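Reader: I have a model open and want to learn how to read its features. Can we go through them one at a time?

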Amino acid sequence: MTNKVLLNGRFVEEQEALVPYNDRGYNFGDGIYEYIRIYDGHFFTLQEHFERFLRSASELNIDLDETIESLTEKAEALVKENNVENGGVYMQVTRGAAPRDHAFPGPDVKPQMMAFTRSYGRPLEALENGINAVTVEDIRWLRCDIKSLNLLGNVLSKEYAVKYNASEAIQHRGETVTEGASSNVYAIKDGVIYTHPTDNFILNGITRKVIKRIANEQNIPFKEETFTVDFLKQADEVIVSSTSVEVMPVIKLDGEAVGNGQVGPITRLLQKGFEQKINESH
Ligand code: PDD
């Protein structure tokens with residue numbers, strides 16, 4: 001069975017899900033997206049993702065005629081159509097198709113929406129054993145809080161990680177660690193979790209929110225403060241988090257062991273808490 005794509009309100013076959021050559025997403029990366037996880041047929045943190053989706057649209061003045069309810073209906077319909085039990089739904093909106101000009105088109109040009117699903121299980125082996133990461137200079141723009149389609153900085157960082165046999169690139173602006181190519185980053189030192197504050201330099205991750213909630217519930221200090229690359233390298237434990245990788249331990253950084261090279265106890269507590277949140281969500 002093929003996977004259907006939701007294109008401007010219609011289910012179409014993948015090979016027929018084509019967009020105009022002058023769509024602004026294609027020409028300028030002028031659009032926004034979300035990626036939402038599905039566990040056992042249930043969305044995880046759907047509300048938060050769509051709140052962020054609407055915020056991203058609003059920050060870019062994309063006039064989106066949608067509410068959390070209407071977006072939920074669309075996502076649910078697509079997941080049902082494609083029979084997704086475990087996986088995710090990707091949804092994006094561009095400013096629309098118009099003759100190429102940097103400035104916004106007129107109000108007659110309508111945003112274009114596209115969504116697809118993927119089926120896959122949790123990354124259990126990596127969650128158990130941890131991953132390798134490398135550090136790389138953060139060369140992205142100054143509005144990383146917007147989940148924009150314009151991901152070239154992230155793409156180059158991720159490709160740098162791949163080149164050095166790592167699963168994630170941890171980005172830094174000068175000495176300050178910001179976030180991963182597609183994840184948030186945490187350094188754990190002496191029982192305290194440190195992570196970059198939610199400003200314009202990072203995406204306010206939904207998984208980060210869940211981790212913060214778990215830390216608060218378990219009385220683990222959670223400090224939203226900047227820290228340096230050196231501090232990260234001296235940390236007892238390092239984690240990256242995202243919708244797809246959950247609470248992912250980093251056991252090697254730039255080829256050197258993090259802490260004692262094993263997945264640490266606070267990481268395990270957070271992972272356990274995260275599994276509970278998944279179970280509570282359905
Ligand atoms: N990426 N920071 C960046 C730059 C990201 O791309 C992501 C997620 C995150 C974590 O956000 P969340 O916990 O809400 O997934 C942080 C998604 C998974 C993606 O690009 O597919």
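**Surface, sheet and salt bridges**

Author: Start with one residue: Ile139 counts as exposed, because its relative accessibility is 57% and the cut-off for exposed is over 50%. Bear in mind that this is a predicted model.

Reader: Where is Ile139 in the fold?

Author: Ile139 sits in the loop between β7 (131-137) and α5 (152-163).

Reader: Which residues make up the nonpolar surface patch?

Author: Ile139, Leu152, Val155 and Leu156 make it. The patch covers about 410 Å².

Reader: Next, the sheet. How should I read strand pairing?

Author: Strands of a sheet pair through backbone hydrogen bonds, either parallel or antiparallel. Here an open sheet has 6 strands, in the order β2-β1-β6-β5-β3-β4. The pairing is antiparallel.

Reader: Which strands stand at the edges?

Author: β2 (10-13) and β4 (42-43) do. Each has a single partner strand, so one side of each is left without a neighbour in the sheet.

Reader: How many bridges join β5 to β6?

Author: 8 bridges join them. β5 spans residues 87-94 and β6 spans residues 112-119, and the two run antiparallel. For a register point, take Val93: it stands opposite Met113 in β6.

Reader: What packs on the sheet?

Author: Helix α2 (residues 46-59) does, touching β3 (31-39), β4 and β5. The direction of α2 makes about 175° with that of β3. Helix α3 (residues 68-81) lies across β1 (4-7), β2, β3, β4, β5 and β6. Helix α3 runs at about 40° to β6.

Reader: Now a single strand. How do I read its two faces?

Author: In a regular strand the side chains alternate between the two faces of the sheet. Take β1 as the case: Lys4 and Leu6 are on one side, Val5 and Leu7 on the other. All four are buried, and both faces of β1 are covered.

Reader: Which strands does β1 pair with?

Author: β1 is joined to β2 by 4 bridges, running antiparallel. Leu7 stands opposite Arg10 in β2. β1 is also joined to β6, by 2 bridges, again antiparallel. There, Leu6 stands opposite Ala115.

Reader: What connects β1 and β2?

Author: They form a hairpin with 2 residues between them. In the turn, Asn8 has a positive phi of about 45°.

Reader: On to charges. How many salt bridges does the whole structure have?

Author: A search finds 22. To read one, ask which side chains meet, where they sit and how exposed they are. Arg143 and Glu59 meet at 2.8 Å, N to O. Arg143 lies in the loop between β7 and α5 and Glu59 in helix α2, so the pair ties together parts that are 84 residues apart in sequence.

Reader: How exposed are these two partners?

Author: Arg143 is partly exposed, with a relative accessible area of 28%. Glu59 is also partly exposed, at 34%.

Reader: Which network includes Arg143 and Glu59?

Author: A network of salt bridges links them with Arg55 and Asp145.

Reader: Which residue does Glu224 meet in a salt bridge?

Author: Arg208, at 2.8 Å, N to O. This pair links distant parts of the chain: Glu224 is in strand β12 (residues 222-224) and Arg208 in helix α6 (residues 206-217), 16 residues apart. Glu224 is partly exposed at 30% relative accessibility. Arg208 counts as buried, at 2%.

Reader: And where does Glu217 find its partner?

Author: Glu217 meets Lys277 at 2.9 Å, N to O. Glu217 is in helix α6 and Lys277 in helix α8 (residues 265-280), 60 residues apart. Glu217 counts as exposed, at 52%. Lys277 is buried, with a relative accessible area of 15%.

Reader: Last, Trp141. Which residues is it in contact with, beyond its neighbours within four places in sequence?

Author: Leu60, Ile146, Ser148 and Arg173. Trp141 lies in the loop between β7 and α5. Its relative accessible area is 43%, so Trp141 is partly exposed. For sequence against space, compare Trp141 with Leu152: they are 11 residues apart in sequence and 9.9 Å apart, C-alpha to C-alpha.

Technical notes:
Residues are numbered from 1 along each chain as its sequence is written. This is a predicted model: local features need pLDDT of at least 70, side-chain atom pairs count only at pLDDT 80 or more; totals for chains, interfaces and linings use all residues. Side-chain values use heavy atoms; hydrogens and water are left out. Patches are made of residues with over 30% relative accessible area and no salt bridge: like charges are joined within 9 Å, nonpolar side chains (Val, Leu, Ile, Met, Phe, Trp, Tyr) within 5 Å. Accessible areas come from the Shrake-Rupley method with a 1.4 Å probe; for residues, only the protein chains shown count as cover. A salt bridge is a side-chain nitrogen of Lys or Arg within 4 Å of a carboxyl oxygen of Asp or Glu. Buried means under 20% relative accessible area, exposed over 50%, partly exposed in between (1.4 Å probe, protein chains only). Two strands pair if DSSP finds at least two bridges between them. Contact means heavy atoms within 4.5 Å. Axes are lines fitted to C-alpha atoms, for helices over the stretch in contact, and angles run from 0 to 180 degrees between N-to-C directions.
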